[in-house]
Amino acid sequence: MATWNSRGLRGSTLEEMVNRTNEQYRMQKLALIQKIPTPITPVKMDKESHRITLAYFEQKSTVDYIGAVQGIPICFDAKECKTDSFPLANIHAHQVEFMEEFEKQEGISFILIYFSARDSLYYLRFEELQKFWKRAADGGLKRFHMDELTPAFFLSSKGGVLVPYLEGIQRDLTVRDRTESSKE
């Protein structure tokens, strides 16, 4: 059973930015995305602040967010990384399995990664994640470096949108369309 403590607040900067973006997209009627809470069982509470200081996860989480963008089902996770190299240990096998099943249902799965040292945001397509995941499973690197990522999927805040993942989805759909066209 996994344990949660105050270290669980890592990633809260990106999460807050994504939550604000989700609200903007909802208000603009562009998307309806919900944060999926991870059920926990509290074990210790701080008596003064009334905050949970130790808890156990009741079950494995899938992804952080799920919803629809203009009728397209999407699911994604949001991760922060302090270096230029992202450890695949930050993504769990059950999450990859869920995302793969989601894709088979014609949804779009991706991971948003915020490289905090560079203040850089990346939209990691599921197909790209699978490539790195397979490499690690085959005994290769268990991480990937920013230099290995597709430049077109780095996102920049614009127009007041902190995490413009709709742009990433649009680029993802374009890549998928090209791939489908080349198979015909």
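# Close-up views of a predicted model

**View 1. Ile33 and Gly67 are bridge partners.** The bridge partner of Ile33 in strand E5 is Gly67. The model shown here and in every other view is predicted. Strand E5 covers residues 65-69 and pairs with strand E2. The pairing is antiparallel and runs over five bridges.

**View 2. Six strands form an open sheet.** Their order is E2-E5-E6-E8-E9-E11. The pairing in this sheet is mixed. Strand E2 (31-35) and strand E11 (154-155) are the edge strands, each pairing on one side only. Inside the sheet, E6 and E8 run parallel and are joined by eight bridges. E8 and E9, by contrast, pair in the antiparallel sense.

**View 3. Strand E8 is mostly covered.** E8 spans residues 108-115, and eight of its eight residues are buried. In a regular strand, side chains alternate between the two faces of the sheet. In E8, Ile108, Phe110, Leu112 and Tyr114 point one way. Ser109, Ile111, Ile113 and Phe115 point the other way. Ile111 also marks the link to a neighbouring strand: Ile111 in E8 is the bridge partner of Asp77.

**View 4. Strands E8 and E9 form a hairpin.** Four residues lie between the two strands. Asp119 sits in the turn and has a positive phi of about 50°. Strand E9 takes in residues 120-125 and pairs with E8 over six bridges. One pair of bridge partners is Tyr114 and Leu121, the latter in E9. Tyr114 is among the buried residues of E8.

**View 5. Ile72 lies in strand E6.** This strand covers residues 72-81. Is Ile72 buried or exposed? Neither: its relative accessibility is 25%, so Ile72 counts as partly exposed. Ile72 and Glu106 are 34 residues apart along the chain, and their C-alpha atoms are separated by 8.3 Å.

**View 6. Two cysteines, Cys75 and Cys81, are buried.** Cys75 has 0% relative accessibility and therefore counts as buried. Cys81 has 5% and is buried as well, because buried means under 20%. How many disulfides does a search of the whole structure find? It finds zero. A disulfide would be a covalent bond between the sulfur atoms of two cysteines.

**View 7. Gln95 is a buried residue of helix H2.** The helix runs over residues 93-104. At 4% relative accessibility, Gln95 falls under the 20% limit, so Gln95 counts as buried. What does the side chain of Gln95 reach? Its partner is the backbone oxygen of Thr62, at 3.1 Å.

**View 8. The second largest pocket has a lining with eight charged residues.** The volume of this pocket is about 270 Å³. Helix H3 (126-137) and helix H4 (165-183) each supply at least two residues of the lining. Which element gives the largest share? H4 does, with six residues. The lining includes Asp172, Arg176, Asp177, Thr179, Glu180 and Lys183. Also in the lining are Glu103, Arg125, Phe126, Glu127 and Gln130. Besides the charged residues, the lining holds two polar residues and one nonpolar residue.

Key: Residues are numbered from 1 along each chain as its sequence is written. This is a predicted model: local features need pLDDT of at least 70, side-chain atom pairs count only at pLDDT 80 or more; totals for chains, interfaces and linings use all residues. Side-chain values use heavy atoms; hydrogens and water are left out. On a 1 Å grid over the protein atoms alone, a cavity is a set of points where a 1.4 Å probe fits but cannot get out, and a pocket is an open set with protein on both sides within 12 Å along at least five of seven lines; lining residues have an atom within 4 Å of a point. Grid points are joined across faces, edges and corners, and a volume is the space filled by probe spheres set on the points. Ala, Val, Leu, Ile, Met, Phe, Trp, Tyr, Cys and Pro count as nonpolar, Asp, Glu, Lys and Arg as charged, and the others, Gly among them, as polar. Buried means under 20% relative accessible area, exposed over 50%, partly exposed in between (1.4 Å probe, protein chains only). A polar contact is a pair of N or O atoms within 3.5 Å; within protein, one must be able to donate a hydrogen and the other to accept it, and residues adjacent in sequence count only if both atoms are side-chain atoms. Two strands pair if DSSP finds at least two bridges between them. A disulfide is a pair of cysteine sulfur atoms within 2.5 Å.
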